[in-house]
Amino acid sequence: MASTVPPLASASIAPLQNDGLKANFKTGTSLQCTFLGKEFYKAKQSFTRTSMTVAVKVSRFNDITMAPPDPILGVSEAFKADTHELKLNLGVGAYRTEDLQPLVLNVVKKAENLMLERGENKEYLPIEGLAAFNKVTAELLFGADSAVIQQQRVATVQGLSGTGSLRLAAALIERYFPGSKVLISAPTWGNHKNIFNDARVPWSEYRYYDPKTVGLDFEGMISDIKAAPEGSFVLLHGCAHNPTGIDPTPEQWEIIADVIQEKNHIPFFDVAYQGFASGSLDKDASSVRLFAARGMELLVAQSYSKNLGLYAERIGAMNVVCSSSDAAVRVKSQLKRIARPMYSNPPIHGARIVANIVGNTELFNEWKEDMELMAGRIKSVRQKLYDGLKAKDNSGKDWSFVLKQIGMFSFTGLNKAQSDNMTNKWHVYMTKDGRISLAGLPSAKCDYLADAIIDSYHNVN
Ligand code: PGU
């Protein structure tokens, strides 16, 4: 509580006022008493001064400055504070229904019911997580029949969703590849840089997005990967690149793999949208599988936030593909060693959901249908937004990039001032890099969004 009295101020003994006032006095001997009225002070005679203990007024945390809001999750906080009826949150990549409600998949509810029926306990998981989850998650990624699975060359540990899994891998790099650099696409998901900064892993960017073509700068990408020091880690988005929505073609993936192999780099995939890009789990894993089939060693972080809608369950995995099963066992032991002092062991609920769904043919098929539904809804609003932009904008600007992009997002090309206009004038919340999450867009708002984009693009510099 604010006061002008300095902390631990000394005070001479004031005459007793028998008014019932509560007081704390501290003597030099630490002898103190609090009382109402009658007896008020006990202290050794030799002491001439007492000090009055008052609440600490100057915080020890005074030098800690205010952290900036998170560029993505901070947008949701700002959205909540806006009371305008037309407000729209296209900031965070989280799926919403046409009624703008978060969606808990039916298949998830069924898996949770199964768990309740079985009356499963809440014992600690092992450090590496739920064995049944680790098995199905690696199989879902690489294919159960793949050589890497058959030869037991994958070290898989359950992680705290995609972010936590990436952070584990970053710690592994820092410890066992000191000084090695991680190459990150420009642009990328904003948290990638934080993760490697936090783990003290140096990183640099490779060219990815070409604003002129609103497409992939493939030549720039290849030449930057070639120019990096041998043995660098190359961070690649498995599918549905965030924020651009632009993925390499299968032929381009082959060339990327060639260059990475030539340079002895280590591919490091971030797979946060398996099934969400095309609607097919297998198709969306094809980039990772292409690298694994070449016999390359690689890292893959997985997340079930988007494809199963398990955002808050924090369920994902870190997979390290090694050239021998022996190396995989050792790598796994070190991943566990990193996890233990950080969070000890991961939560069980989401792991059981995934294990129940992927391990059960009926539920697994139901999940695939759910995913097609979600991916389909996003595709339909993507089309509707494009139709609105094309119909309303007479300037001749080509908006077809909106249709070419895939996944949850559209990278609009709006700059910071234009994005600010979207929010301040139109109450459309989005990240300042010009990204909008189409997963949060209902059909009924596509025309409104098209108006907002056209106004911001043409009337703000
Ligand atoms: N990797 C990429 C490429 C992502 O886009 C995201 C989430 C993650 C990993 C991590 O997701 P987890 O929930 O930890 O599994 N990106 C979203 C979600 C919001 C955020 O920034 O965490 C987004 O809106 O970009």
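A cavity is a set of grid points where a 1.4 Å probe fits but cannot get out. The exercises below apply this term, and others, to a predicted model.

**Exercise 1.** State how many cavities of 30 Å³ or more the structure holds, and give the volume of the largest cavity.

*Solution.* Step 1: the structure holds 2 cavities of 30 Å³ or more. Step 2: the largest cavity has about 40 Å³ of space.

**Exercise 2.** List the lining of the largest cavity and sort its residues by class.

*Solution.* Step 1: the residues that line the largest cavity are Tyr206, Tyr208, Met221, Leu236, His237, His241, Pro248 and Trp253. Step 2: Tyr, Met, Leu, Pro and Trp count as nonpolar, and His falls among the polar residues. Step 3: the lining therefore divides into 6 nonpolar and 2 polar residues, with no charged ones.

**Exercise 3.** Do the same for the second largest cavity, and give its volume.

*Solution.* Step 1: the volume of the second largest cavity is about 30 Å³. Step 2: Val271, Gln274, Gln302, Ser303, Tyr304 and Asn307 line the second largest cavity. Step 3: by class, this lining has 2 nonpolar and 4 polar residues, and no charged residues.

**Exercise 4.** Decide whether Gln101 is buried, partly exposed or exposed, and describe its surroundings.

*Solution.* Step 1: Gln101 sits in the loop between strand 4 (88-89) and helix 2 (106-118). Step 2: the relative accessible area of Gln101 is 45%. Step 3: buried means under 20% and exposed over 50%, so Gln101 is partly exposed. Step 4: leaving out residues up to four places away in sequence, Gln101 touches Tyr95 and Arg96. Step 5: Gly440 is 339 residues from Gln101 along the chain, and their C-alpha atoms are 8.9 Å apart.

Note on methods. Residues numbered from 1 in each chain as written. Predicted model: local features only at pLDDT ≥ 70, side-chain atom pairs only at ≥ 80, totals over all residues. Heavy atoms only, no water. Helix = DSSP H or I, 4+ residues; strand = E, 2+ residues; numbered from the N terminus. Buried < 20%, exposed > 50% of the residue type's maximum accessible area, 1.4 Å probe, protein only. Contact = heavy atoms within 4.5 Å. 1 Å grid on protein atoms, 1.4 Å probe; cavity = no way out; pocket = protein on both sides within 12 Å on 5 of 7 lines; lining within 4 Å. Points joined across faces, edges and corners; volume = space filled by probe spheres on them.
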